[in-house]
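User: Please take a close look at one part of this model. Then set that part in the context of the rest of the chain, in one connected account.

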Amino acid sequence: MTADTLATWQTDGIVWSLEYARGVVYVGGTFNKVRPPGAKPGQQEVARKNFAAFDAATGRLLPCAPSFTGGGNTVRALKASPNGRVLYVGGSFGNVGKAGAASAVAIDTAGCSLRKDFRPTMSSFVRAIDVTNDAVYLGGDFTLVNGQDRERIAAFTPSGKLLPFQAEIDAPVRAILAAPKFGKIIVGGDFFLLNGQLEKSLGALHPVTGKTVNSYADWLPPRSSVKALAGDETNFYVAAEGAGTGIFDGRIAGRLGDGKMVWKDTCMGATQAVAVHKGVLYSGSHAHDCRDTPGGFTEYHNRQHFLAQSVRNRHILHWFPDTDGGTGEGNGPRVLKMAGEVLWAGGEFTTVNGRPQQSLTRFSPGPDRGAPEEVPQLKASASASGRVTLTWRATWDRDDAELKYLIYRDGRLVASPTRRSAEWNRPTMKFTDSVAPGSRHRYRIAVTDGKNTSLKSKALVVSAVADERPKEKH
Ligand SMILES: [Ca+2]
């Protein structure tokens, strides 16, 4: 994955959920309008009430646009059936278009029509959905479904019949990962008690009965919640957010089979979203103080809103696109979703890689188009007779760790040293040139990631006077 964005539509409010099915990316959240790439707030807006659909390949806005209104006026969870023909939608809403609803519905993706069969009555927010061939699992704040007791989790047949599956959960469920091959439904949220046992924020339930089948009781401290879950063939991945001291804000990898922990990182900065693709765990957070995680960083002036980590060993990879915190709680990204080879991100940010872009963006698998962030400034330092010593501060690149610096004397390339760097690790570099004593030269520097080269710096004119300090002027 590169850190380069593809042109993407924007929303005027928070994107809480993304799903990909049959070439379409569905977007749910708390917003009233969408606008094209590059448009400022208020410009070229098109009405979309908490739900929008885009062509996954081109990013084009699609006409599929049921409005979700009433209740808490928000869409919080989207999940497609395994064959992509049905999109399950949850949140807090009382109407879908003109039809009455109670916070959960299903849409046929082929015609973008509301299904008549899947129409449960949820007593409160739906915040998480996962779907297997046999069942649709909904999690959230609710305690009643169709008037029956269902404490914060419920299961339905794909056509909307409430199943006997039942668990007691004492606080909201925010994430569900169904792993039917392993006979478990992993749930995450704010809870302490799961089926009467202390299971802080995480547990695994039997897909049919709802009984607890795996315990992860000591994985999260008391003041941390699970915000999102993702899974691959062998592992599941936990996104955690804590509040106060002694909290856990990072990510955990666990084995789906035996429920053992694989690794846990200790970055600070409230993880909101996780997605896994080809051995890489992508996350959305506002990471800071990541010093104890391999490839990580100490506290510095910025917060990193995206990270990529090896699923094997949590090593942080050199992939550093970034957003601002944005509106709402200032958490930046809220959701990540792979659509083919493209990574979509939604949330409450208003910039991406330093440029205006609100609440929705996507990252390209390549080719890399992003040149290093800055052109270094050359300085001439003291030098001996016939020698010119140049120094500069290493720049950095969002998706390349090692950069090559091209030093030109009078238009001719005279050196090309390489160095590893990152936004928080920009060493001072040095090059000593041999020239005729008393001669005068124009030096310029450019920097390349191997594919993309920055502009050349302004010329630094150096007079290499014998036995004197070099004189510099720009
Ligand atoms: Ca690059």
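Analyst: Strand β3, which covers residues 24-30, runs antiparallel to β6, and five bridges join the two. Strands here are DSSP runs of type E with at least two residues, helices are H or I runs of at least four, and both are numbered from the N terminus. Two strands are taken to pair if DSSP finds at least two bridges between them. Within this pairing, V24 stands opposite D55 of β6.

This is a predicted model, in which local features need pLDDT of at least 70 and side-chain atom pairs count only at pLDDT 80 or more, while totals for chains, interfaces and linings use all residues. Residues are numbered from 1 along each chain as its sequence is written, and side-chain values use heavy atoms, with hydrogens and water left out.

Strand β6 spans residues 51-55, and because five of its five residues are buried, β6 is largely enclosed by the rest of the structure. Buried means under 20% relative accessible area, exposed means over 50%, and partly exposed lies in between (1.4 Å probe, protein chains only). From β6, F51, A53 and D55 point one way, whereas A52 and F54 point the other way. The residues on both sides of β6 are buried, and D55, the residue opposite V24, is among them.

Strand β27 (residues 251-255) offers a related case: four of its five residues are buried, and the strand is mostly covered. On one side of the pairing scheme, β27 meets β26 (residues 235-242) in the antiparallel sense over five bridges, with Y237 opposite A253. β27 also runs antiparallel to β28, to which three bridges join it, and here A253 stands opposite W263. A253 thus has Y237 opposite it in one pairing and W263 in the other. The hairpin of β27 and β28 has five residues between the strands, and in it G259 takes a positive phi near 75°.

Positive phi also occurs away from glycine. A270, in the loop between β28 (261-264) and β29 (273-277), has a positive phi of about 40° although it is not a glycine. A270 counts as buried because its relative accessibility is 6%. R152 likewise has a positive phi, of about 70°, without being a glycine. R152 lies in the loop between β17 (148-149) and β18 (153-156), and at 15% relative accessibility it counts as buried. For context, most residues other than glycine have a negative phi, and most peptide bonds are trans. A departure from the trans form is found between G366 and P367, which a cis peptide bond joins with omega at about 0°.

P367 sits in the loop between β36 and β37, and that loop also holds G370, one end of a link made at the calcium ion. The calcium ion is coordinated at 2.3 to 3.0 Å by D368 (OD), D368 (OD), G370 (O), D397 (OD), D397 (OD), D399 (OD), D400 (OD) and D449 (OD). Donors are N, O and S atoms within 2.8 Å of the metal, or 3.2 Å for Na, K and Ca; water is not among the atoms, so sites may look incomplete. Along the chain, the donors follow the spacing D-x1-G-x26-D-x1-D-D-x48-D. G370 and D449 link distant parts of the chain, 79 residues apart, with D449 in the loop between β43 (439-448) and β44 (460-464). Both G370 and D449 are buried.

Strand β36 belongs to an open sheet of three strands, in the order β32-β33-β36 with antiparallel pairing. β32 (333-339) and β36 (360-363) stand at the edges, each with a single partner strand, so one side of each is left without a neighbour in the sheet. Within the sheet, β32 and β33 (residues 342-347) pair in the antiparallel sense over six bridges, and L336 stands opposite A345 of β33.

For the chain as a whole, there are zero helices and 45 strands. Of its 474 residues, 57% count as buried. The C-alpha atoms fill a box of roughly 90 × 50 × 35 Å along the principal axes. In contrast to the buried β6, L198 in strand β22 (residues 197-198) is exposed, with a relative accessible area of 57%.
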